[in-house]
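Biologist: Before we talk about contacts, please show me the model, and then explain how each term is decided.

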Amino acid sequence: MPELPEVEVFVRRLQAIVGSTIIRAEVLDERLDLDGSLLDQAAITSVKRRGKNIVIGLGHRGDLVVHLRMSGRLRLHRSEVEVKYTRLILHLDSGDSVYFVNPRRLGTAAYYPSGFKANLGIEPLSRGFTASRLSQVAALSRSPIKPFLLDQQKIAGIGNIYASEALWRSRISPERAASNLKQDEVARLHKNIVSVLNEAIDGQGTSIGTRVSDYHPSVGEQGKFQNHLSVYGRETEPCERCGNAIARLKQSGRSTYYCKECQT
DNA sequence: ACATTATCCTGCACGC
DNA sequence: TGCGTGCAGGATAATG
């Protein structure tokens with residue numbers, strides 16, 4: 001269930017398909033809003049990430065955009081394989097294939113003939129994402145900071161795990177109004193958003209759980225960042241900073257993990 | 001401009 | 001073993 005770091009790991013591994021041509025797009029799920037024939041003979045010129053979207057550039061033929069949502073994965077296979085929950089296969093002229101596996105069918109694949117225009121906020125790992133920029137965006141929102149961080153139109157790519165982790169590192173309560181954060185708090189949050197995302201990418205993402213829908217950087221491999229989570233999924237465990245029990249609360253229908261003692 | 005809820009799906013963990 | 005309930009790394013539309 002990927003957030004920015006996990007999507008980034010998939011995108012990096014997919015760089016190998018740049019320069020290949022799609023011979024045939026095999027759509028295996030009628031719920032996908034995609035006419036595979038539109039992709040015939042399209043040459044792949046780039047594979048990029050925008051927020052949690054995977055943007056496969058097809059030159060003048062536009063973009064194919066895959067969003068993995070809760071359970072998807074997008075992976076290169078060197079030969080034809082049988083993978084449960086495969087919903088789309090891009091057969092390439094190289095002989096490789098790209099598999100969109102989407103167990104819960106929440107993920108999407110859409111073709112934009114004129115190019116993808118995302119309605120998304122700033123990339124947190126871009127140069128433009130500075131403490132003052134975060135401060136500007138946060139000042140406009142009275143939303144609690146945790147749901148604020150999940151709002152893709154404010155900052156693109158942060159999800160439920162890394163929002164909790166960045167707030168814990170910053171010692172900021174998830175219930176604080178975004179617009180009420182002090183300058184030093186915004187500065188800490190900015191730094192920790194960047195650090196937690198970069199560390200997670202370096203660790204090949206976070207692999208937790210035993211479900212088919214759980215994230216793995218590639219077949220048989222595990223991410224490593226689950227070993228560095230301080231609060232996510234650790235309700236009742238002691239806070240590694242102050243020893244107080246980690247608590248869980250619901251915000252906008254999502255679980256937030258935090259320490260009531262040292263996040264204020 | 002917010003929060004909340006339901007919805008889209010499927011599988012799994014849990015309690016009884 | 002079976003059944004009901006709740007939960008899941010996401011996003012969006014409807015409602016208040």
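Modeller: The domain assignment divides chain A into domain 1 (4-112) and domain 2 (131-258), with bounds that come from an automatic or database domain assignment. This is a predicted model, in which local features need pLDDT of at least 70 and side-chain atom pairs count only at pLDDT 80 or more, while totals for chains, interfaces and linings use all residues. Residues are numbered from 1 along each chain as its sequence is written, chains are lettered from A and ligands numbered from 1 in the order in which they are written, and side-chain values use heavy atoms, with hydrogens and water left out.

Biologist: Why is the pair Glu221 and Arg13 called a salt bridge?

Modeller: The term requires a side-chain nitrogen of Lys or Arg within 4 Å of a carboxyl oxygen of Asp or Glu; the closest N and O atoms of Glu221 and Arg13 are 3.3 Å apart, so the pair meets the rule.

Biologist: What makes Lys52 a polar contact of DNA strand C?

Modeller: A polar contact is a pair of N or O atoms within 3.5 Å (within protein, one must be able to donate a hydrogen and the other to accept it, and residues adjacent in sequence count only if both atoms are side-chain atoms). A polar side-chain atom of Lys52 lies 2.8 Å from a phosphate oxygen of DNA strand C, and therefore the pair qualifies. For Tyr232, the distance from a polar side-chain atom to a phosphate oxygen of that strand is 2.7 Å, whereas an N or O atom in the side chain of Arg69 is 2.9 Å from a base nitrogen.
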